Amino acid sequence: AYFTEQLSRATAGGYFDNGGKMITIDLMNPVFRTVFDNDKLEVTEAMTADDVIGWDSLSHMILISALEEEFQVSFTQKEIRKLKSVGDLLDLINSKL
């Protein structure tokens, strides 16, 4: 519920409407900023967990859950284990839309 509330504030401008739009990295940034509590965080497709302060196994699962909720998608454990970069995550989200 906390992340839903925070993400609602972060995306109040109507970034995501699931009307056939492809998700962009810019639409993912508010989720990352909320999960990692860093308003200045700017993720890129090439970034990995090693590039983001505080991105550990627990925050990874919180991030996955927040992204699933925000973009109304669901990931399998197998899909999550295959992720190596933010770009992989972006591609996975878009494959679910």
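This text walks through the fold as a whole and then settles on one residue, Ser85.

The model is a predicted one. Begin with the overall layout. The protein chain holds 5 helices and 0 strands. Read from the N terminus, its elements run α-α-α-α-α.

Next comes the packing. The protein chain has 97 residues, and 42% of them count as buried. Now take the contacts between residues at least 6 apart in sequence. Of these, 56% join residues at least 24 apart. The surface can be described too. The protein chain exposes about 5,800 Å². Carbon and sulfur atoms supply 50% of that area.

Now turn to a single position. Where is Ser85 found? Look at the loop between helix 4, residues 77-82, and helix 5, residues 86-96. Is Ser85 buried or exposed? Its relative accessibility is 17%. Buried means under 20%, so Ser85 counts as buried.

What surrounds Ser85 in the fold? Set aside its neighbours within four places in sequence. Ser85 is then in contact with Glu45, Ala46, Met47 and Thr48. One of these, Glu45, also appears in a polar pairing. The side chain of Ser85 reaches the backbone oxygen of Glu45 at 3.5 Å.

The side chain of Ser85 has a further partner, Gly87. Here a polar atom of the Ser85 side chain lies 3.3 Å from the backbone nitrogen of Gly87. To recap, Ser85 sits in the loop between helix 4 and helix 5, and its side chain pairs with backbone atoms of Glu45 and Gly87.

Methods:
Residues numbered from 1 in each chain as written. Predicted model: local features only at pLDDT ≥ 70, side-chain atom pairs only at ≥ 80, totals over all residues. Heavy atoms only, no water. Helix = DSSP H or I, 4+ residues; strand = E, 2+ residues; numbered from the N terminus. Buried < 20%, exposed > 50% of the residue type's maximum accessible area, 1.4 Å probe, protein only. Polar contact = N/O pair within 3.5 Å; in protein donor to acceptor, adjacent residues only side chain to side chain. Contact = heavy atoms within 4.5 Å. Areas by Shrake-Rupley, 256 points an atom, 1.4 Å probe, with all protein chains shown as cover.
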